[in-house]
Structures are given as structure tokens and as C-alpha cells.
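Hi,

Here is the structure I promised to pass on. Have a look at it first, and then read my notes underneath.

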Amino acid sequence: MKKVAFYVLGLCASLILCNCKGQNAGGNSGDRAVGDSVQVENPLNVGMPQVEKFVIVTNEENAEVFKYADEESPWRNRWWEECECDNPDVAVKWSNENVPDNYTCEKYDAMFGTALAVLGEEGDFYKVGIMQEDSEYEYGFVKKSDVEDAKPAPITEGMLAEMEEMEWGGHYRILKDGKYKGLVLYSQVDELEGESLEVGVMMNGMMAFPTLNTFILECNPNAQEATITEPDQEAFFTGFIYYPKSMSNNPDDEWMSWLDLNALTDEQIEKIVQMVQQKKSEYVKYEYVFPASVGDIHTFWLKSK
């Protein structure tokens with residue numbers, strides 16, 4: 001299954017080059033180092049994140065995350081809202097901040113095996129990004145003695161196929177040629193949230209998904225062809241895709257079926273991509289493997305320009 005660890009967020013333009021050009025390689029690309037700048041062509045014009053390097057936590061007791069490059073500085077905490085609701089507020093905070101009465105607080109170290117993107121260093125500390133989805137951004141510092149250098153390994157189609165077998169409900173399609181060569185379609189089936197589709201790109205051995213590009217999928221047994229529409233009002237997703245049973249992977253089983261991504265036509269993919277391009281994404285989700293172990297994907301977030 002996907003391992004969603006720490007997330008990278010850059011607040012300054014130096015972390016994303018103008019017009020997403022001149023990007024860093026990030027993955028294996030010959031002998032090119034992680035910090036080198038390269039041009040990347042892809043259907044969504046997504047840029048590679050510029051980080052100094054990646055490291056992995058090797059301290060079996062986890063790595064403390066500090067606010068400054070000082071062990072005496074505040075450490076990283078996570079707050080959980082105590083409420084009878086489906087979506088409680090979760091926030092990344094520091095130990096010197098007062099916890100509201102209706103929140104539970106816990107120390108939030110970087111776990112053993114967590115991949116981190118290094119944004120700088122000060123003395124015996126690395127500066128890393130420590131953002132979670134739906135949380136506000138902060139930088140943090142980890143001790144160099146708690147981590148080791150790590151080099152991303154390229155994600156392959158074979159690896160994704162094995163992941164599909166391990167993770168029920170997750171499916172990939174990578175376009176190998178044509179106008180949108182390198183485009184990644186990733187669908188997911190959740191028992192509670194239903195079926196959805198994300199659109200991203202494969203480049204330099206990693207995957208990148210601009211946020212706010214999710215499509216809600218639903219099978220319409222009475223339809224003859226797929227219908228792709230936008231929401232009636234501003235939403236945190238891009239659109240709806242209603243598809244006929246003929247586009248299902250298992251049309252005879254209502255409960256164990258989902259959209260067959262290979263059934264999408266060139267015209268339908270064209271419309272999907274155009275809708276994604278029209279949606280301004282604030283962040284990009286980058287997915288790497290450290291190393292090439294099946295099902296061990298680490299996710300980072302970077303703020304778009």
C-alpha cells in the first residue's frame with residue numbers, strides 16, 4: 001500500500017522555477033545528481049521539485065523534529081479535534097503552542113523508514129519540509145545522526161502492476177504514446193468515499209499529481225456512453241465522470257466493479273486533460289520510491305507557483 005510519509009511544501013518561488021521549467025531530476029536519470037536542473041516535458045507542464053537531496057530516518061526510535069536547528073527548541077506535535085464528526089480537524093503544531101480544550105495533542109516524530117526531502121542544512125541538522133495534506137506549512141529540523149542519504153529508484157509499470165495486486169481498489173494507466181504521452185491516470189475505489197480518478201504525469205522515474213484534479217466516478221447502468229461534467233459550483237474536485245456498464249472492468253458484478261481505465265477513449269482523455277489544465281492547483285503531489293520496493297511509495301507536497 002502507499003506509504004504517505006512527510007510532505008514537502010515550498011513557500012518561495014525558488015522552490016519552483018518559472019513556468020515549471022529548469023527542474024531538478026529527482027529520480028534516477030543516468031548519473032545526474034538529485035540537485036541538477038533539467039528540462040522536463042510533460043502533458044500537464046508540471047515541474048520537478050528542487051530539493052538538495054533525500055534522506056531516510058534510520059533511528060529505530062524515530063527522529064524528533066524541531067522548530068529550529070537546536071535540540072532545546074520546540075518539537076513537532078499533532079493536534080486532533082475531539083468531536084463526533086467524520087472529519088475532525090488535524091493540525092501540525094509546535095510544543096510551545098497552547099492546545100485548545102477540545103483537542104488532543106501528541107508528539108509527532110518522523111518514523112523509522114520515513115523519507116524526507118532536504119531543503120537545507122544548519123550544523124548538525126537538516127532542514128526539511130513537514131507538511132501534511134490539509135495542514136498548514138512549517139519547516140522543521142532533524143538531526144543528521146538520525147537519517148541517512150537516500151536515492152529514489154525509478155517507478156516502473158511493472159512495479160505499479162504489482163502494487164495493484166497488493167492494494168485492492170487502486171488502478172493505474174500510463175499513456176505510452178500520442179499527444180499525452182506520460183500521462184498517468186490513477187483510480188481508487190473506497191468503500192466509504194466511492195470511486196475517484198486522479199490525473200498526473202510520469203517523469204524521470206517519479207509521478208506528480210497537481211491537486212484539485214480529482215474526478216468523481218460513478219457507473220450509470222442506463223447510459224450508453226460516458227458523460228464528463230464539471231460541478232455546478234466551486235468544489236475541491238474537477239468534475240464527474242458517469243460511465244456505462246460497458247466501460248466497467250466487471251459489468252456483471254455491481255459491488256466488485258470499477259471503471260476500466262483502458263476503456264477511456266482519446267476524446268474522453270482529451271476532455272479530462274483540458275478540465276485539469278483549466279483548474280488552478282495550489283500544490284503538486286510528488287510520489288517516489290525509496291528504494292524500489294513494491295508498495296512503498298512516499299509522497300511529498302510542493303506549492304505551485
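**What I found, starting at Gln268**

Let me begin with one contact: a polar atom of the Gln268 side chain lies 2.9 Å from the backbone nitrogen of Thr265. Before you read on, please keep in mind that this is a predicted model. Gln268 belongs to helix 2, which covers residues 266-278. Is Gln268 buried or exposed? Its relative accessibility is 14%, so it counts as buried, the cut-off for that being under 20%. If you skip the neighbours within four places in sequence, the residues in contact with Gln268 are Ala226, Ile228, Met247 and Ala263.

**The core**

Helix 2 turns up again here. The largest nonpolar core has 40 residues, and the ones that touch the most other members are Leu183, Leu185 and Phe215. Which element gives the most to this core? That is helix 2, with five residues.

Leu185 is a good one to click on. Not counting residues up to four places away in sequence, Leu185 touches His171, Tyr172, Arg173, Leu175, Leu197, Glu198, Val199, Leu261, Leu264 and Ile269.

**Strand 17 and its partners**

Next, have a look at strand 17, residues 239-243. In a regular strand the side chains alternate between the two faces of the sheet. Here, Gly239, Ile241 and Tyr243 point to one face and are buried. Phe240 and Tyr242 point to the other face and are not buried.

Strand 17 pairs with strand 15 (residues 215-219) in the parallel sense, over five bridges. In that pairing, Tyr243 of strand 17 has Cys219 opposite. Strand 17 also pairs with strand 16 (residues 227-229), this time in the antiparallel sense and over three bridges. There, Tyr242 of strand 17 has Thr227 opposite.

**The cysteines**

How many disulfides does a search of the whole structure find? The search turns up one. Cys83 and Cys85 form it, with their sulfur atoms 2.2 Å apart. In case it helps when you look at the bond, a disulfide is a covalent bond between the sulfur atoms of two cysteines.

Here is how accessible some of the cysteines are:

- Cys83 has a relative accessible area of 31%, so it is partly exposed.
- Cys85 is partly exposed too, with a relative accessible area of 36%.
- Cys105 counts as partly exposed, at 34% relative accessibility.
- Cys219, which stands opposite Tyr243 in strand 17, counts as partly exposed at 28% relative accessibility.

**A five-stranded sheet**

There is also an open sheet of five strands, in the order 9-8-7-3-10, with antiparallel pairing. Which strands are at the edges? They are strand 9 (139-143) and strand 10 (147-150), each of which pairs on one side only. From one strand to the next, the twist averages 50°.

Strand 9 runs antiparallel to strand 8 (residues 125-129), and five bridges join the two. One pair to look up is Phe125 and its bridge partner in strand 9, Lys143.

**Two loop residues**

Last, two residues in loops. Asn42 sits in the loop between strand 2 (37-38) and strand 3 (53-57). Asn42 has a relative accessible area of 14%, so it is buried. Its side chain reaches the backbone nitrogen of Asn45 at 2.6 Å. Leaving aside the neighbours within four places in sequence, Asn42 is in contact with Val201 and Met203.

The other one is Asp89, in the loop between strand 4 (76-81) and strand 5 (90-94). At 34% relative accessibility, Asp89 counts as partly exposed. What does the side chain of Asp89 join up with? A polar contact of 2.6 Å links it to the side chain of Tyr103. Tyr103 is also among the residues that Asp89 touches once those up to four places away in sequence are left out, along with Trp79, Trp80 and Glu81. As for Trp79, it lies ten residues from Asp89 along the chain, and the C-alpha atoms of the two are separated by 7.9 Å.

That's what I have for now. Over to you!

Methods: Residues are numbered from 1 along each chain as its sequence is written. This is a predicted model: local features need pLDDT of at least 70, side-chain atom pairs count only at pLDDT 80 or more; totals for chains, interfaces and linings use all residues. Side-chain values use heavy atoms; hydrogens and water are left out. Helices (H or I, at least four residues) and strands (E, at least two) are DSSP runs, numbered from the N terminus. Buried means under 20% relative accessible area, exposed over 50%, partly exposed in between (1.4 Å probe, protein chains only). A polar contact is a pair of N or O atoms within 3.5 Å; within protein, one must be able to donate a hydrogen and the other to accept it, and residues adjacent in sequence count only if both atoms are side-chain atoms. Contact means heavy atoms within 4.5 Å. Two strands pair if DSSP finds at least two bridges between them. A nonpolar core is a set of buried Ala, Val, Leu, Ile, Met, Phe, Trp, Tyr and Cys residues joined through side-chain atoms within 4.5 Å. A disulfide is a pair of cysteine sulfur atoms within 2.5 Å. Axes are lines fitted to C-alpha atoms, for helices over the stretch in contact, and angles run from 0 to 180 degrees between N-to-C directions.
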